[in-house]
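Student: I am new to this structure and would like to go through its open and closed spaces and its ligand. May we proceed one question at a time?

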Amino acid sequence: MFNTKSIVLDLLKELIEQLDAGQISEVLETPPNPDMGDLALPCFKLSKILRKAPIQIAQELADKFPESKFVDRVEAVSGYLNIFLNKEAFINETLNWILAEKESYGSQNIGQGKNVVIDFSAPNIAKPFHIGHLRSTAIGNSLYKIFKCNGYNCIGVNHIGDWGTQFGKLIVAYKKWGDKGKIEKEQIKELMSLYVKFHDEAEKNPELDDEARAWFAKMEQGDSEALELWQWFKDISMQEFQKVYDVLGVKFDSYAGESFYNDKMDATVEELKEKGLLKESEGAQIVDLSEYNMPPCIILKKDGSTLYATRDVTAALYRKKNYDFEKCVYVTGVSQNLHFQQWFKVIELMGKEWSKELVHVPFGTVSLQGEKLSTRKGKVVLLEEILSEAIKKTKEIIEAKNPNLLNKDEIARQIGVGAIIFGDLSSNRIKDVSFSWDEILNFDGETGPYVQYTHARTCSLLVKAQTEVSEGFDSGLIDSKEEYQLAKTLYLFPEKVKQAMNELEPSIITRYLVDLAQDFNRFYHEHSVLVEDEELKLARLALVKATGITIARGLDLIGLKAPERV
Ligand code: ARG
C-alpha cells in the first residue's frame, strides 16, 4: 500500500530520534491552504521534548531534510515545517494504488479478529417506525459498514421494542374499541390508531393506565390470552418494518428484541441482589445512583414487572458472553442519554470491567418540511409513506431530465431513498436536522443525488471512452491545479474511513463525498477528458476511474447505491 504520509514519516523519523513514527504522526497535519504545503509539522508541539524553540526545530529539520522522489521541497515558516510533495510521484502512486485496490480501496485491517456489536434501528412494536428510527437505522447501518471496512467483525442487532407496558395499553385498547377484521385489513395503521386512542382516553380516565399495567403484568406471568394478542401485534408490526428495511437495503444479524430477555432477567436480578446493589424504594427495586448524581435505575416495579433498563442490562450481559465484543455501540436519540448513563453505571457497579466498552451514540431530532414527526399526538406519518414520496418526486425529476433512462423505477428508488439517508447523515449526528424536499432532492446541491450523479458521470465517461484504463499512464500529464487537488482528495479516503470510525460519525464520509464530487466537477469543467491525444486521455481517464471507484465505495459506506446511469 502506498501512503505518502508514511513515506514522509519515515523521512522525519530519521531526523527526530527522540520520537517514534506514531508520535510524529500525531503531530503531522494537513494544512488548510496548499500554499502552506501538503503536509506540515507544527514544531511548537515538539519543543518541550526537543528542548528547543519551534523556529529553531523547523529550521534544522528543513536544513537536514533528505532527498526523496516524493518530496519537492520543504520550508521552515514561523515554527512550522511545510512539506511540498512531488505532484507527479504523488498522483502516480495515488491513482495506481486506487486502481489496484479497486473495490477494497479504503479497507483496513485495524479490527482484524475483533467483534463489534452495533445496536441500531430498534423500532417499537405497535408504534410506528418513525423518522427518528430512520436516523438510528441510517447511522447504525453506516457505522456497521464503516467498522467492517476497518476490518472488524460486526454484529448488527435490532433490539426491537417488543416488550413493555405499551402492549398492556394496546391490549386494553383492542379489548375496548378494537375490531379484528379492521386490524386484519388495515394492519399497522389500525394498531396505531388504537394506540393513539388509548392515549387520548387515558388523559380523561387515568384508570386505563392501571388496566394497561395489569395486562402487561399478565404478559410477564405468561398469561396465554395476553401472549397470543402480543404475538399477533408483533407479527403485524414486523411485516411493516421489514418493508422499510427492504426499501432501505438494511440487514441485521440478530433480531433479538426486548422480549428475548424475558427468561434471562431473573438471573440479572439475582446477580444484582448478590452484589448488594438492589435497594427497595416505595415497593420498587432500584440501584441507587445518587452518589453519581443520577436518579436511581429502576430494576423492578412495585408489581414486580421489569423495565427497559432491566432488559438493557440483561442484553449487555448476554452479548458480552455470546459475542465477546470489543465495543458495543447503541444508536438512539439524545433523549435517552440519561438512560444509558444510568445502566452503564449499573454494569460498572456489578464489577464488569468491560463497562467502558459500552458506548452510547446519540443523535438529534429530525423534521421534514418543518414538521416534527411525532406519534403520540395522532400525527401518524409512516416512514414508508415518506420513502414513497421521495421515490415519486425523484421519478418526476428523472422524467423531466432524462426520460429515456432505462430502469427508471429502480434508479428513482436508489436516488430518492438515498436523498433522505444522505440528508440525514449530512451533519454531525448530534445536531437536529430539518430538511425540505427541495433541498435534499437538489441535483446541484450538497446532496445524495448530486454525488450519485457525479458517480454516473464518471461511469458514462468510461463507457464513451471505450478504452481499458489501467496502470502505466503518464502522470506527468495531469498535474494541473484541479487534477492535483482531485488526487489529493482521493488520497484522503482511507484516512476518512478511519476517522469516521473513531468518531462514530458517518457525516465524515458524507461530507468527504461532497468535497470529492465538487473537486471532480471542477476538474471536469476545466479539462476535457475525451481528447485526441491518447496519452493525455488515458491519464485523465485514470483520474476519472479512480474517482468513480472512490465515490462508489464512499456511498456504500453510508448505505447508498451508486447507479451507473442517472
Ligand atoms: N426501542 C427503543 C426506542 O425506540 C430503542 C432501543 C435502543 N436499544 C437499546 N438497547 N436500548 O426508543
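Student: What volume does the largest pocket have?

Tutor: The model shown here is predicted, and its spaces are computed on a grid over the protein atoms alone. By that procedure, the volume of the largest pocket comes to about 1,400 Å³.

Student: Which residues of its lining are the closest to the centre of the largest pocket?

Tutor: The lining of the largest pocket comprises 50 residues. Elements that each supply at least two of them include α6, α7 (165–177) and β8 (297–300). The residues closest to the centre are N124, K127, Y308, S335 and Q336.

Student: Into what numbers of nonpolar, polar and charged residues does the lining of the largest pocket divide?

Tutor: Tyr counts as nonpolar and Lys as charged, whereas Gly is placed among the polar residues. Under this scheme the lining of the largest pocket divides into 19 nonpolar, 22 polar and nine charged residues.

Student: Where does the ligand sit?

Tutor: A molecule is assigned to a pocket if more than half of its atoms lie within 2 Å of the pocket's grid points. By this criterion, the ligand sits in the largest pocket.

Student: Which elements give two or more residues to the shell around the ligand?

Tutor: The ligand is surrounded by D119, A122, N124, H133, H159, Y308, D312, Y330, T332, Q336 and F340. By class, this shell has four nonpolar, five polar and two charged residues. The elements that give two or more residues to the shell are α13 (308–323) and β9 (327–333).

Student: Which residue has a polar side-chain atom 2.7 Å from an oxygen atom of the ligand?

Tutor: Two other contacts involve nitrogen atoms of the ligand: a polar side-chain atom of D119 lies 2.9 Å from one nitrogen, and a backbone N or O atom of A122 lies 2.8 Å from a nitrogen. For the oxygen atom of the ligand, the polar side-chain atom at 2.7 Å belongs to Q336.

Student: What percentage of the area that the ligand exposes when taken alone does the protein bury?

Tutor: The reference is the ligand taken alone, which exposes 350 Å². Of that area, the protein buries 90%.

Student: Which helix gives the most residues to the lining of the second largest pocket?

Tutor: The second largest pocket has a volume of about 840 Å³. Its lining has 36 residues, and T30, K488, Y491, L492 and E495 lie nearest its centre. Two or more residues come from each of α1 (4–15), α5 (87–101), α19 (481–502) and α20 (507–526). With 10 residues, the element that gives the most is α19.

Student: How many cavities of 30 Å³ or more are there?

Tutor: A cavity consists of points where a 1.4 Å probe fits but cannot get out. About 50 Å³ of space lies in the largest cavity. The count of cavities of 30 Å³ or more comes to four.

Student: Which helix provides the largest share of the lining of the largest cavity?

Tutor: The residues lining the largest cavity are L134, T137, A138, N141, L248, V250, I421, I558 and G559. They divide into six nonpolar, three polar and no charged residues. The largest share, four residues, comes from helix α6.

Notes: Residues are numbered from 1 along each chain as its sequence is written. This is a predicted model: local features need pLDDT of at least 70, side-chain atom pairs count only at pLDDT 80 or more; totals for chains, interfaces and linings use all residues. Side-chain values use heavy atoms; hydrogens and water are left out. A residue is near a molecule or strand if one of its heavy atoms lies within 4 Å of it. A polar contact is a pair of N or O atoms within 3.5 Å; within protein, one must be able to donate a hydrogen and the other to accept it, and residues adjacent in sequence count only if both atoms are side-chain atoms. Accessible areas come from the Shrake-Rupley method with a 1.4 Å probe; for residues, only the protein chains shown count as cover. On a 1 Å grid over the protein atoms alone, a cavity is a set of points where a 1.4 Å probe fits but cannot get out, and a pocket is an open set with protein on both sides within 12 Å along at least five of seven lines; lining residues have an atom within 4 Å of a point. Grid points are joined across faces, edges and corners, and a volume is the space filled by probe spheres set on the points.
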